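Work through the following exercises with the sequence and the 3D structure side by side. Try each task before you read its solution.

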Amino acid sequence: QVYGGGGITPDVPLPETTLNRFQQTLGRNDVFFNFAKRYLAENKTIYRDFEVTPAVMDRFRQFLQEKQVPFTEGEIADNLDYVKQQIKVQLVLTIFGMDDAFRLEIAADPQIQKAMDLLPQAAAMLENTRRAQLEQQERQAR
């Protein structure tokens with residue numbers, strides 16, 4: 001039974017993900033979209049198994065300097081997974097389309113990953129519920 005007033009509390013709470021100051025700066029300057037355009041102008045395309053290599057990261061740093069987007073090596077290091085993910089998503093979006101880009105975003109989404117980790121537990125709970133219902137029906141039939 002759900003009572004009104006406070007919303008629904010999740011069974012498995014996860015910390016809320018928010019962008020830090022550096023990530024916000026990159027977003028405000030639309031660097032991933034613009035870097036993808038520049039990268040593809042220089043490299044023409046990417047393959048489906050594209051990964052952000054150290055060479056791509058060096059080009060990204062150079063791009064940030066060209067666009068006068070302030071950064072430190074510490075900020076890059078602290079946000080490396082995020083930066084690589086955003087570069088890859090933007091390049092995949094441009095070359096392969098929205099569906100492939102969504103797949104990448106889903107694969108990196110902590111809430112979706114946690115939900116997938118819990119699917120076996122949910123299946124077991126469903127099976128236990130079905131078993132209990134059958135037992136109850138059998139008792140009532142006697």
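**Exercise 1.** Find the partner with which Asp100 forms a salt bridge, and say which parts of the chain the pair links.

*Solution.* Begin with the criterion: a salt bridge is a side-chain nitrogen of Lys or Arg within 4 Å of a carboxyl oxygen of Asp or Glu. Asp100 meets this criterion with Arg48, since the closest N and O atoms of the two are 2.2 Å apart. The next step is to place both residues in the chain: Asp100 lies in helix α6, while Arg48 belongs to the loop between α2 and α3, so that the pair, 52 residues apart, links distant parts of the chain. Helices here are DSSP runs (H or I, at least four residues), numbered from the N terminus. Finally, Arg48 is exposed, with a relative accessible area of 60%, where exposed means over 50%, buried under 20% and partly exposed in between (1.4 Å probe, protein chains only).

The model is a predicted one, in which local features need pLDDT of at least 70 and side-chain atom pairs count only at pLDDT 80 or more, whereas totals for chains, interfaces and linings use all residues. Residues are numbered from 1 along each chain as its sequence is written, and side-chain values use heavy atoms, with hydrogens and water left out.

**Exercise 2.** Describe the salt bridge between Arg21 and Glu75, and decide for each residue whether it is buried or exposed.

*Solution.* The closest N and O atoms of Arg21 and Glu75 are 2.5 Å apart. This pair, too, links distant parts of the chain, because Arg21 sits in helix α1 and Glu75 in helix α4 (residues 73-78), 54 residues apart. Arg21 has a relative accessible area of 56% and is therefore exposed, whereas Glu75, at 14%, is buried.

**Exercise 3.** Explain how Glu127 and Arg131 are placed in helix α7, and give the N to O distance of their salt bridge.

*Solution.* The side chains of Glu127 and Arg131 meet in a salt bridge of 3.7 Å, N to O. The two residues are four apart in helix α7, which means that about one helical turn separates them. An α-helix has 3.6 residues a turn, so residues three or four places apart point the same way. Glu127 is partly exposed at 37% relative accessibility, and Arg131 is partly exposed with 40%. The structure holds ten salt bridges, and a network of salt bridges links Arg38, Glu42, Arg59 and Glu66.

**Exercise 4.** Check the span of helix α2, then work out where its buried residues lie.

*Solution.* The expected span of a helix is 1.5 Å times one less than its number of residues. For the 13 residues of α2 (residues 31-43) this gives 18 Å, and the end C-alpha atoms are 17 Å apart, which agrees. The buried residues of α2 are Val31, Phe32, Phe35, Ala36, Tyr39 and Leu40. Seen down the axis of α2, these buried residues fall within an arc of 150 degrees, so they line one face of the helix; the arc is that of the directions from the helix axis to the C-beta atoms. They pack against α1 (21-28), α3 (54-66) and α5 (80-96), where contact means heavy atoms within 4.5 Å. After α2 comes Lys44, whose phi is positive, near 70 degrees.
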